Number of protein chains: 2
Amino acid sequence: MTEALSEPERRDWLRLARTENVGPVTFDQLIQRFGTARAALAALPDLARRGGRAIKLATEAAIDKELADGAALGARLLCAGEPAFPQALAALDPPPPVIWVRGRAELLDRPTVAIVGARVASAAGQRFARGLASDLGQAGHVIVSGLARGIDGAAHEGGLPSGTVAVLGGGVDDIYPPEHAGLYQRIAEAGCVVSENEPGRAAVARDFPRRNRIISGLSRAVVVVEAEFRSGSLITARLAAEQGREVLAVPGSPLDPRAKGTNDLIRQGAAICEGAEDVLRALEGLGGFREPERGGYGAGPAGDPDDALREAVAALLSPTPVSRDELVRATGAPAPLVYAALVELSLAGRCELLPGGMVATA
Amino acid sequence: MTEALSEPERRDWLRLARTENVGPVTFDQLIQRFGTARAALAALPDLARRGGRAIKLATEAAIDKELADGAALGARLLCAGEPAFPQALAALDPPPPVIWVRGRAELLDRPTVAIVGARVASAAGQRFARGLASDLGQAGHVIVSGLARGIDGAAHEGGLPSGTVAVLGGGVDDIYPPEHAGLYQRIAEAGCVVSENEPGRAAVARDFPRRNRIISGLSRAVVVVEAEFRSGSLITARLAAEQGREVLAVPGSPLDPRAKGTNDLIRQGAAICEGAEDVLRALEGLGGFREPERGGYGAGPAGDPDDALREAVAALLSPTPVSRDELVRATGAPAPLVYAALVELSLAGRCELLPGGMVATA
């Protein structure tokens, strides 16, 4: 899709995105199968019932409220596939269905680098992040981060004069931590604030993996500055690698627990970042973002899976993600039918479709 | 050679090693060509004259004095090729012709790890080195280092209870820095002190590259803890890599200049060392040391190079090292004749034969 949606189409798009159990993968599959959000919404109750449970569509009233809240904030709704949607996010498989942006949305299509790291960061780590953001800014890069305490805040500070983007886990107006209220205001004016969620929503823990996927997805490279073992920044780094983005990490002393995560990234192949020149070198020769060829339902006729196939697929699932291709092999059924069964199960809340073609029980 | 030398043979061996312009490569080539040190000594004046300059053999009096000085210290002379010579050094191409050892020479044939680093080291770096040495010692490894200030001293301290080896640039009794006199005494009693040079000699700058080659050569792995850019520890690391030993480096913050060198080693492929387990993992599955097949003069008849060939070889040399094979190709002459010409030129002080088959003007 490369045309802007009409207002009614945008309402349907948003309503489909806000309907329960519709994550980015399911959204993408539904659009590929039914062509429009309106057609997908019409089919949803039936699909979910086949999956085993009734589904509640997002209400028209909730959509009215979201659009009004966003307008009151001066925020813009961007839908995946529209020309104004950031190219970097459009290149994700699947892209987030919608984002809200406040401030200078044009920054999202400039060359971007994410700088993320520990919330409880050392003074030295924060100084490094601020300097790195400033140097990369002077070299023409927009700095993306998550507005968190510590490294994130320092990266935004360093990037403010040249351009910075804060991606929030809650709504586009969900300022957290409270001491970053001033920083938030400056970013909303001189930079850009992005959220996948509806305005007014306060972030909860499970919002952050999706927030992190937007941070890495917006960026050509992700630099991790100070991160403890098993911290959120490492998830962002892993997502970046899966998205084909460059991953860099700042090394540190083994005696500093905040270097455990970054040193471990370097062990796993992340490039060493000692300054802006390392990032610029990593970006050399990288081309623009391209929309992926999506597998989806493939070329064959989709049809509807029967109950036996759907339950056979459900029985194969566990909390450990497996690939859809494995399920096709295990069932011996045509891929389009297995994919259709998975969408039905996901709408019924019986499985979760993950980016990268993986599936697990919800 | 696997038999111990007789006393007269050891005198000759030492005398050849102490003769001017006879470095380890030339020594090795001479022994391969002439079979014994005595035969090589007899041929030397002629070879050097052909190279273009008279040579002064080490005097018998100097050898008497060296052997007496060593005996007075209770030190032992070990000659390359003797059964008592450390296997790790025998595996070098070429090995150092002789070493003096004080203390427990049997430590040299135990599994060894070198820990080296900055002289002006941080307290944290020294603490890390001490702890690493102690942990590796408890895992059965002897700790090798250079008795220098900073990291070296800390590594020896940590390794003393389980066994540590100090390799000196000067003679085996050349205590430097002076504040390490107490540490030296403890190593000479409970550990082992090693030197390639004659007792009584004070180290000068050009002794250290050869000292570093012994440190890495004695060790299965070299760990660099804190090193500035272009520092001596990086030379030790490079030598270790050339010798096929494992190289590890301790990462550090880009804001700490003492981490510049170690981070750079990691960029170049050194393994990250955050503790003893990283070193033990790097050593897993490594076999023992094996003496290399030496190229030397090859199988063909050696004969003597004529003046034209010798000068053609000399004209091809510069301060930038080239390989002997390149010189063979460039002259089109048989390899044994080119190698013989190089030995003559090196004895005359007109070139330097470097480990790894490289040659440069002296």
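User: How many helices and strands are there in chain A?

Analyst: In this predicted model, chain A has 15 helices and 12 strands. The radius of gyration of chain A is 21 Å, close to the 21 Å from the globule rule for 362 residues, so chain A is as compact as a globular protein of that length. If you prefer a box, the C-alpha atoms fill roughly 60 × 45 × 35 Å along the principal axes.

User: What share of the 362 residues in chain A is buried?

Analyst: Buried residues make up 54% of them. As for the outside, the accessible surface of chain A comes to about 15,100 Å², and 52% of that belongs to carbon and sulfur atoms.

User: And how do I read the contacts along the sequence?

Analyst: Take the contacts in chain A between residues at least 6 apart in sequence: 73% of those join residues at least 24 apart.

User: How are two copies of a chain related?

Analyst: By a rotation about an axis and a shift along it. Here, chain A superposes on chain B after a rotation of 180° with 0.1 Å of shift along the axis, at an RMSD of 0.1 Å. That is the relation of a two-fold axis. In chain A, Gly252(A) has the C-alpha nearest the axis, 1.9 Å from it. Both copies use the same surface, as 100% of the contact residues of chain A recur in chain B.

User: Now a single helix. Which residues of helix H10 in chain B are buried?

Analyst: The general idea comes first. An α-helix has 3.6 residues a turn, so residues three or four places apart point the same way. In H10 of chain B, residues 232–242, the buried ones are Ser233(B), Leu234(B), Thr236(B), Ala237(B), Leu239(B) and Ala240(B).

User: What covers the buried residues of H10(B)?

Analyst: The cover includes strands E3 (112–117), E7 (221–225) and E8 (246–249), along with helices H9 (207–217) and H11 (260–267), of chain B. After H10(B) comes Gly244(B), with a positive phi near 75°.

User: Let's try a loop residue. Is Ser219(B) buried or exposed?

Analyst: Compare its relative accessibility with the cut-off: buried means under 20%. Ser219(B) is at 0%, so it counts as buried. Ser219(B) sits in the loop between H9 and E7 of chain B.

User: Which residues is Ser219(B) in contact with, leaving aside its neighbours within four places in sequence?

Analyst: Ser219(B) is in contact with Thr112(B), Val113(B), Ala114(B), Val144(B), Arg245(B) and Phe289(B).

Key:
Residues numbered from 1 in each chain as written. Chains lettered and ligands numbered in written order. Predicted model: local features only at pLDDT ≥ 70, side-chain atom pairs only at ≥ 80, totals over all residues. Heavy atoms only, no water. Helix = DSSP H or I, 4+ residues; strand = E, 2+ residues; numbered from the N terminus. Rg over C-alpha atoms; globule rule 2.2 N^0.38 Å. Buried < 20%, exposed > 50% of the residue type's maximum accessible area, 1.4 Å probe, protein only. Contact = heavy atoms within 4.5 Å. Areas by Shrake-Rupley, 256 points an atom, 1.4 Å probe, with all protein chains shown as cover. Least-squares fit on C-alpha atoms with pLDDT ≥ 70 in both.
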